[in-house]
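Q: Could you take a close look at one part of this model for me? I'd like to know how two of the protein chains meet, and what lies along the DNA.

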There are 4 protein chains.
Amino acid sequence: MTAPQLEPRKTPIQGRSKATCDAVLEAAARILEEEGRAALTTNRIAERAGVSVGSLYQYFPGKEAIVAELIRGMRRDMVELLRAAVEDASSQAFRPAVATLLAATLRHHTDRPALARALEREEEDLPIDAETQALKSELRVLIVRFLDRWGIADAERCAFDLVAMCHGMAAAAIRAGEEDVDDLAARLQRAVLGYLGRSV
Amino acid sequence: MTAPQLEPRKTPIQGRSKATCDAVLEAAARILEEEGRAALTTNRIAERAGVSVGSLYQYFPGKEAIVAELIRGMRRDMVELLRAAVEDASSQAFRPAVATLLAATLRHHTDRPALARALEREEEDLPIDAETQALKSELRVLIVRFLDRWGIADAERCAFDLVAMCHGMAAAAIRAGEEDVDDLAARLQRAVLGYLGRSV
Amino acid sequence: MTAPQLEPRKTPIQGRSKATCDAVLEAAARILEEEGRAALTTNRIAERAGVSVGSLYQYFPGKEAIVAELIRGMRRDMVELLRAAVEDASSQAFRPAVATLLAATLRHHTDRPALARALEREEEDLPIDAETQALKSELRVLIVRFLDRWGIADAERCAFDLVAMCHGMAAAAIRAGEEDVDDLAARLQRAVLGYLGRSV
Amino acid sequence: MTAPQLEPRKTPIQGRSKATCDAVLEAAARILEEEGRAALTTNRIAERAGVSVGSLYQYFPGKEAIVAELIRGMRRDMVELLRAAVEDASSQAFRPAVATLLAATLRHHTDRPALARALEREEEDLPIDAETQALKSELRVLIVRFLDRWGIADAERCAFDLVAMCHGMAAAAIRAGEEDVDDLAARLQRAVLGYLGRSV
DNA sequence: TATGAATGAGTGTTCATTCAT
DNA sequence: TATGAATGAACACTCATTCAT
């Protein structure tokens, strides 16, 4: 089994190219959301992108690279979101600050839930690529720093557990069709504070 | 898209047949664990089972049925485990009782972690079959009853959140290679009691 | 048993595509003629067409569609032939007119006899597709109108019997290796006029 | 392509064997009638015969031999029928004699129409076996002798044409669902006498 | 540079036939 | 002798990828 090429082929910022590139990515995303992973074929992607397969291969070395790029995009968004939240939270008291971070985290699950789920699953099957690794690391660091700032012991481990816990609950709830995001956020808050022993 | 057949074809308890049947299931399980879902082809399954493709199809109507049976097996084990734990917990105080249930839950993740993860993923792609549905329902009921017994309000929702939370944390920890199950159990306990507001 | 797709997939009149499409059809025809229906596999068709299986499936949704298209082609030819014959016969006396129609009918059996036989057999196993149905209906109408024009009673039934009778005789004769088409035509004429009570 | 074995494996007239043999043949016949040629698998035959595949292969060298035996049975029945008819006809005038023969011929199509059709089709795909050849020859001889007896010229050719004509008409009519056998017989009579120039 | 026709290895599945029990 | 589990070659069909135009 040869490791697939995951990097995009060129990184062209010129108009035409960028547009094609984006069209391909968006098409792939929509297929994952609406038609499922089994429908994610290169021909289908090209078709939905309004582009020929040949062009698709001009910008991406293969199917896996497209998925990898979608994953990178998702991770970038998450970092962006969390970074902004940490910023906002820097001037807040502990509980509101936690709420701010949770709200940001929830955005990941609520924005395009089907896409997020699909990409997380794909991520498991793909070899680890450097940028994705770095982005995930950055997410962890942001949270660890936050916990550190509030004097929480064993911040690394806590961050790990909290992320897993929140991810588990949020994913399950969204998947089950829950619509009341505020209620879900409240329960997450309860779980987090409980875990941290700060519930009182 | 025609719904695939998920029920086994024959269920023969005679020697040779049962052995073949089991060999196929075990081979599929090992492939999922060691080679990944992409390697799970009928030919590979037959090969690892030391059996011909023809034999495979004598017992299962198709690949999906093999996976479905593995899932059913996993769910049956979980029900068994949890039922026993609930039984044991019936004479215990609240905290030890929670610990008992958590220990049972953790077994699901620690026994054959890669298999559990793989099957959970497959489960998402497969149509819901009746028995699996029933088993999952039974799991929920066991937990809801436990929570009810201890006077916990909104037991349905709590059960849902707690299961998701524990699943998220356990899966992430095991996946990250954690070996100290007792420590993990302790953290889960903390999270659960915290969520329930019983941490003191 | 799911009804197979019988319509072609694309109908491209551009050069390369059309050529591939035709090559596939002709290859299938030749296999039916020379190797028999058992040899009509998609791989064999592609091989004889000098094309890859993939290309075959680009133009036809499946094996049955190829056969269906051959059948449609055969029926179209028959309609064409008979229509022209009816035209020609319109200015003739009864007996010459009958001869004209019979000659056209015989063409169907003499052109590519093995292919005609094979396709007629395949037609029985395939679900009825709309165009084929329409073509067969048109054939019947042409004959019925002809009989009507000459004041023959119960033209529908007569047409039915005459077609069956001629088809039976011609198929058997050609299959037995008869070469003298004129003699065969004469016997058909005798049979037809006899049946119609116009033999004198 | 190796020529398949068409002869039955043993010709055992002892009770048990004969019964099994017959069960297999009747099962195959019914499958052809009711489920179609695609369903005619050795396993299915054995199943419907209430016998194991192993036993099936004890009496027949392969699937083709079973079909070949059914064909021989059909041909034997036809010979039987026609021989009796010729016998009966020997004391009749020409026209009633023709009617007698036609009635016998029609029986072939009316008895088990679907089976007759199916077997005729199979016959085309199978290599010619000696007995079947002999039986078909015998049929021809019976008719030729009949025609000779009534002073019909070129009896061989006439027999050939008449058989083909009658077969074509009868098969088409029965297949189209005609139920009025007497009417069909009358039309056949008309066609035959017309062809022979004896219609007046 | 863009196109989309062409490729063919690989997948799931069937079924005639064998042979250990 | 009867059984039916086991076999595996063969089939229909898909899809990531290439390359002539």
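A: Here's a walk through the contact between chains D and C, followed by the surface near DNA strand E. Bear in mind that this is a predicted model.

Let's start with the pairing. On the chain D side, 18 residues are in contact with 18 residues of chain C. Three helices of chain D each put in at least two residues on that side: helix 6 (113–125), helix 8 (155–175) and helix 9 (181–196). Helix 8 of chain D gives the largest share, with 8 residues. As for chemistry, the side of chain D that touches chain C splits into 8 nonpolar, 5 polar and 5 charged residues.

Now the symmetry. Turn chain D by 178°, shift it 0.1 Å along the axis, and it superposes on chain C with an RMSD of 0.3 Å. The two copies are therefore related as by a two-fold rotation axis. The contact surface fits in with that: 94% of the interface residues of chain D are interface residues in chain C too, so the copies meet through the same surface.

Over to the DNA. There are 34 residues around DNA strand E, and the ones that come nearest are A:Gly54, B:Thr41, C:Gly54, D:Thr41 and D:Gly62. Several helices each supply at least two residues of this surface: in chains A and C they are helix 1 (15–34) and helix 3 (53–59), while in chains B and D they are helix 2 (42–49) and helix 3 (53–59). By class, the surface near DNA strand E has 21 polar, 9 nonpolar and 4 charged residues.

Conventions:
Residues are numbered from 1 along each chain as its sequence is written. Chains are lettered from A and ligands numbered from 1 in the order in which they are written. This is a predicted model: local features need pLDDT of at least 70, side-chain atom pairs count only at pLDDT 80 or more; totals for chains, interfaces and linings use all residues. Two residues are in contact if their C-beta atoms, placed from the backbone, lie within 7 Å. Helices (H or I, at least four residues) and strands (E, at least two) are DSSP runs, numbered from the N terminus. Ala, Val, Leu, Ile, Met, Phe, Trp, Tyr, Cys and Pro count as nonpolar, Asp, Glu, Lys and Arg as charged, and the others, Gly among them, as polar. A residue is near a molecule or strand if its C-beta atom, placed from the backbone, lies within 6 Å of it. Copies are superposed by least squares on the C-alpha atoms of residues with pLDDT of at least 70 in both.
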